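Student: I would like to go through this protein model one point at a time. Please give the reasoning before each value.

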Amino acid sequence: MSAKVGIVMGSDSDLAVMRKAADVLEELGVEFEMTIISAHREPDVFFEYAKSAEQKGFKVIIAGAGMAAHLPGMCAAIFPMPVIGVPMHTTSLGGRDSLYSIVQMPSGIPVATVAINGGANAGILAAKILATSDSALLDRLKAYSEKMKCEVEAKAAKLDEVGYKNYTK
């Protein structure tokens, strides 16, 4: 079976953030393919990636980029299905440059955009998009949410164990 989510980033410096998307997809049992392509330094490779993504079976692309951050928007211009942009934190402007470049797309070329360095949320959003037509994945997403809830409750219980109280108002 071919991959359902393409994860692409412009540089290996983005890998730590984008790996979080892959980890979530892996936990949820969603197939993916991850690669590094520079839209600016290897435009022919990028265009071939975006043009062939539908044939590869991708239903969603998660694209991470920093600074000028053209990768997500260019994916959205070529790939006919959803693209999720992950703006990367940058040293010069703290990622605001990436965020604005990804979120400010022209009419007709939308890119769903998560928070700066929001790789995990990009993975969850991709899974939610796929779950609209996959009831088994929807069940796994519900279990994932329940697991997160239980983790928070366990952390709250630890506070109680060390003498802090949970107060409700």
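The questions and answers below go from the overall fold to single residues.

Tutor: This is a predicted model, in which local features need pLDDT of at least 70, side-chain atom pairs count only at pLDDT 80 or more, and totals for chains, interfaces and linings use all residues. Residues are numbered from 1 along each chain as its sequence is written, and side-chain values use heavy atoms, with hydrogens and water left out.

Student: In what order do the elements of the protein run from the N terminus on?

Tutor: Helices (H or I, at least four residues) and strands (E, at least two) are DSSP runs, numbered from the N terminus. The protein has six helices and five strands. Their order is β-α-β-α-β-α-β-α-β-α-α.

Student: Which elements each supply at least two residues of the largest nonpolar core?

Tutor: A nonpolar core is a set of buried Ala, Val, Leu, Ile, Met, Phe, Trp, Tyr and Cys residues joined through side-chain atoms within 4.5 Å; buried means under 20% relative accessible area, exposed over 50% and partly exposed in between (1.4 Å probe, protein chains only). The largest such core has 26 residues, and Leu25, Leu28 and Val30 are among those with the most contacts inside it. The elements that each supply at least two of its residues are β1 (5-9), α1 (15-27), β3 (60-65), β4 (83-87), α5 (119-131) and α6 (135-161).

Student: Which residues does leucine 28 touch, not counting those up to four places away in sequence?

Tutor: Contact means heavy atoms within 4.5 Å. With residues up to four places away in sequence left out, leucine 28 touches Ala127, Leu137, Arg140, Leu141 and Tyr144.

Student: Is alanine 69 buried or exposed?

Tutor: Alanine 69 sits in the loop between β3 and α3 (70-78). Its phi is near 55 degrees, a positive value in a residue other than glycine. Because its relative accessibility is 3%, alanine 69 counts as buried.

Student: How does asparagine 117 count at 31% relative accessibility?

Tutor: Asparagine 117 is in the loop between β5 (112-113) and α5. Although not a glycine, asparagine 117 has a positive phi of about 65 degrees. At 31% relative accessibility, asparagine 117 counts as partly exposed.

Student: What is the relative accessibility of serine 52, which counts as buried?

Tutor: Serine 52 belongs to helix α2 (residues 43-52). A polar atom of the serine 52 side chain lies 3.4 Å from the backbone oxygen of tyrosine 49. Serine 52 counts as buried because its relative accessibility is 9%.

Technical notes:
A polar contact is a pair of N or O atoms within 3.5 Å; within protein, one must be able to donate a hydrogen and the other to accept it, and residues adjacent in sequence count only if both atoms are side-chain atoms.
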